[in-house]
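This report describes selected parts of one protein structure. Please keep the sequence and the 3D view open while reading.

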Amino acid sequence: MKKIILYSLLVGSMAFSACEDMLEKEPIHQLSASEFFTTENDLEIYSNSFYEYGLPSANEIARGDGMSDYAAINSPSTFLSGNWSSIDQSGWGVGSWSALRNINYFLEGAPNADVSETVLNHFLGLARYWRAVFYLEKVQTFGDVPWYETALQPNDPELNKARDSREFVMGKVLEDINFAAEHIWPTKDTYSSTVNQYTALAMKSRICLYEGTFRKYHTEFGLSDADTWLRAAADAAKKVMDSGKYELVNTGSPESDYRSLFVAEDVSGMTRISKEVILARLMNTDSRVWHDLTWNFNSPTNGSRWSLVKQFVNTYLMLDGKPFTDKADYDEIEFLSEMKNRDHRLSQTIRTEGYKREDGSVAPPDFAVTLTGYHILKWSLDDSWHDGQGQCTNNIPVIRYAEVLLNYAEAKAELGEFGTAEWAQTIKPLRERAGVVSTEPAEADAYLQTTLFPETTDKYLLEIRRERGIELCFEGLRYNDLMRWKRGDLLSSEEMAWKGIYIPAKDVNYDLNGDGKPDVCVVDVTPKPTTPGVKYVVLGANIRLSEGDKGHLEWAWGIDRKWEDKKYLRPIPQSAVTLNPNLLPQNDGWE
């Protein structure tokens with residue numbers, strides 16, 4: 001007896017259901033690919049499943065920078081603070097490869113459909129886009145991995161093949177993303193929820209920039225052709241720029257334009273910002289598609305208390321375009337003064353003076369949540385109802401035009417081809433959107449060199465990296481940036497203490513939002529009676545002042561976060577090696 005297939009494959013918040021000509025078919029698991037893939041509708045319905053597997057979740061995007069140089073969290077990752085080994089590593093189990101089998105099954109069966117070559121290549125391009133994304137993540141994690149381009153059966157001997165070289169796999173990734181960028185239709189949907197030709201080009205710029213810079217800076221792996229990859233990154237980004245399909249959201253409101261990208265709700269909000277958002281994960285109340293990011297970023301228990309650190313906050317420029325760190329006393333300025341006349345993206349990324357919740361209540365940095373005083377608000381909705389609910393409907397940008405501009409700028413700088421014209425196309429509009437005077441640097445910034453990138457002397461490249469950190473803060477890209485730049489040591493406590501705001505003295509109440517009321521007091525012991533509205537930060541095993549009775553708050557100062565260069569690649573999980581010894585030798589330095 002035939003059964004009805006009911007599909008509800010979520011693409012953002014848009015559900016797709018099988019149409020009438022599908023209702024008489026047997027379930028997919030009882031059909032061969034040649035029987036199932038017969039019409040364009042079949043191809044569309046099946047390809048929608050790739051989003052479910054491949055599109056990162058809201059948490060992966062917005063909380064993905066939890067392990068980075070600019071974030072303090074409540075408990076350091078055991079990858080850095082513990083004795084991590086191949087036993088601890090995941091990412092190679094059966095479920096970790098199921099998305100690839102789904103893609104390869106489609107690629108084998110799709111050519112059987114009775115469709116034109118143009119239609120077929122469009123859907124093959126979508127599949128190859130997602131395969132490129134899949135393998136990028138695997139290579140970023142493990143380096144050499146086995147390349148599969150067929151849908152293997154459970155007992156297929158190829159399951160026990162050895163790993164293929166990084167050069168071979170990334171060459172295949174480049175073939176896939178090139179095919180996708182050439183053949184996926186250019187149509188831009190209103191809500192940026194589906195992959196089009198420009199999405200593929202933007203992703204190509206991300207992939208090629210990663211591989212090009214990784215090869216350039218990781219000479220220990222003996223990889224070649226770094227410039228070839230950088231050239232491909234620049235070319236792909238430039239095609240998106242020249243298309244005229246996307247632009248930065250800039251309404252002339254530098255105090256709000258940036259944050260509008262991260263708090264736009266439902267499809268109406270997505271329509272407003274889709275000129276910059278190239279691909280998004282959509283939320284929708286009617287479909288009960290929500291996330292809990294406001295709860296995460298405003299709860300002392302539900303999240304990891306993600307907080308920015310002082311060293312990174314220092315990189316935000318003044319509105320006149322001058323470095324904040326040009327101030328003689330920049331490291332000893334109290335919070336209220338520290339926030340004044342800064343790049344407007346700072347006040348749209350963390351709570352600063354003037355921030356209020358939707359009901360009009362003032363909301364200074366909350367030390368029940370923030371560890372450093374730099375309380376992240378970028379992804380939070382202003383309605384405090386969401387502080388304890390997992391029903392947020394703000395959409396999650398996955399790829400933005402701003403990143404494309406930065407990819408182009410960085411690739412050109414790495415090639416030694418960045419100058420005034422490229423500055424005007426990339427860094428200048430990003431800073432102007434944030435209300436910052438965009439002046440080209442006269443020389444390399446000393447603070448950026450000393451604190452973050454001591455081996456970088458190119459004045460433009462330093463500014464591009466500054467801009468990338470600020471513009472893409474907490475969008476899930478920073479860890480991989482550090483990996484490709486070979487700056488993993490910035491994850492260590494030796495290189496990057498988790499410093500917070502400057503406190504001139506203990507036992508003094510401080511106003512953090514300029515309303516004339518005290519908000520925080522740093523103490524050895526909570527006083528009795530307490531002052532209403534004040535959060536007391538009690539010094540102890542986890543938190544101290546850098547100079548004893550004064551100085552910067554330092555979180556987790558007693559926990560040693562260690563970096564070893566072997567960590568640029570993760571170990572092959574012991575569970576996988578047990579099943580397939582051909583995966584050995586293990587990545588260097590791991591057992």
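The text below covers two sheets, a pair of helices, and a few single residues of a predicted model.

**The sheet of E7, E12 and E11**

Strands E7, E12 and E11 form an open sheet in that order, and the pairing is antiparallel. E7 and E11 stand at the edges with a single partner strand each, so one side of each has no neighbour in the sheet. From one strand to the next, the twist averages 25 degrees.

Strand E7 covers residues 498-503 and is joined to E12 by four bridges. Two of the residue pairs can be named here. Ile503 has Gly551 as its bridge partner in E12, and Lys499 has Glu554.

Strand E11, residues 543-545, pairs with E12 over three bridges, again in the antiparallel sense. Here Arg544 stands opposite Glu554 in E12. Glu554 therefore appears in two pairings, with Lys499 of E7 as a bridge partner and with Arg544 standing opposite, as E12 lies between E7 and E11 in the sheet order. E11 and E12 also form a hairpin, with five residues between the two strands. In the turn, Gly548 has a positive phi of about 85 degrees.

How many of the residues of strand E12 are buried? Five of its five residues, 551-555, are buried, and the strand is mostly covered.

**His552 in strand E12**

His552 is found in strand E12. Is His552 buried or exposed? Its relative accessible area is 4%, which is under the 20% limit, so His552 counts as buried.

Leaving aside neighbours within four places in sequence, His552 is in contact with residues that include Lys499, Gly500, Ile501 and Tyr502. Arg544, Leu545 and Ser546 are also among its contacts, as are Lys310 and Asp331. Ser492 lies 60 residues from His552 along the chain, and the C-alpha atoms of the two are separated by 18 Å.

**The sheet of E8, E9 and E10**

Another open sheet has three strands in the order E8-E9-E10, with mixed pairing. Strands E8 (509-510) and E10 (535-538) stand at the edges, and each has a single partner strand, so one side of each is left without a neighbour in the sheet.

The two pairings show what the word mixed refers to. E8 and E9 run antiparallel and are joined by two bridges, whereas E9 (residues 520-523) and E10 run parallel and are joined by four bridges. Val520 takes part on both sides: Tyr510 stands opposite Val520 in E9, and the bridge partner of Val520 in E10 is Lys535. For Cys521, the bridge partner in E10 is Tyr536.

In a regular strand the side chains alternate between the two faces of the sheet. Both faces of E9 are covered, with Val520 and Val522 on one side and Cys521 and Val523 on the other, and these residues are all buried.

**Helices H9 and H17**

Two packed helices are described by the angle between their axes and the distance between the axes. For helix H9 (residues 197-217) and helix H17 (residues 401-414), the axes come within 10 Å and cross at roughly 35 degrees. The crossing of H9 past H17 is left-handed.

On the H9 side, the contact is made by Ala202, Ser205, Arg206, Leu209, Thr213, Lys216 and Tyr217. On the H17 side, Glu403, Val404, Asn407, Glu410, Ala411 and Glu414 take part. Sorted by class, the contact has five nonpolar, three polar and five charged residues.

**Buried single residues**

Asn121 sits in helix H7, residues 117-142. Leaving aside neighbours within four places in sequence, Asn121 is in contact with Phe179 and His183. The table lists Asn121 with three other residues.

| Residue | Relative accessible area | State |
|---|---|---|
| Asn121 | 13% | buried |
| Cys208 | 0% | buried |
| Cys521 | 3% | buried |
| His552 | 4% | buried |

Two of the rows are cysteines, Cys208 and Cys521. A disulfide is a covalent bond between the sulfur atoms of two cysteines. How many disulfides does the structure hold? The number is zero.

Key. Residues numbered from 1 in each chain as written. Predicted model: local features only at pLDDT ≥ 70, side-chain atom pairs only at ≥ 80, totals over all residues. Heavy atoms only, no water. Buried < 20%, exposed > 50% of the residue type's maximum accessible area, 1.4 Å probe, protein only. Contact = heavy atoms within 4.5 Å. Pairing = 2+ DSSP bridges. Axes fitted to C-alpha atoms, helices over the stretch in contact; angles between N-to-C directions. Left-handed = near helix turned anticlockwise from the far one by under 90°. Nonpolar A, V, L, I, M, F, W, Y, C, P; charged D, E, K, R; others polar. Disulfide = S-S within 2.5 Å.
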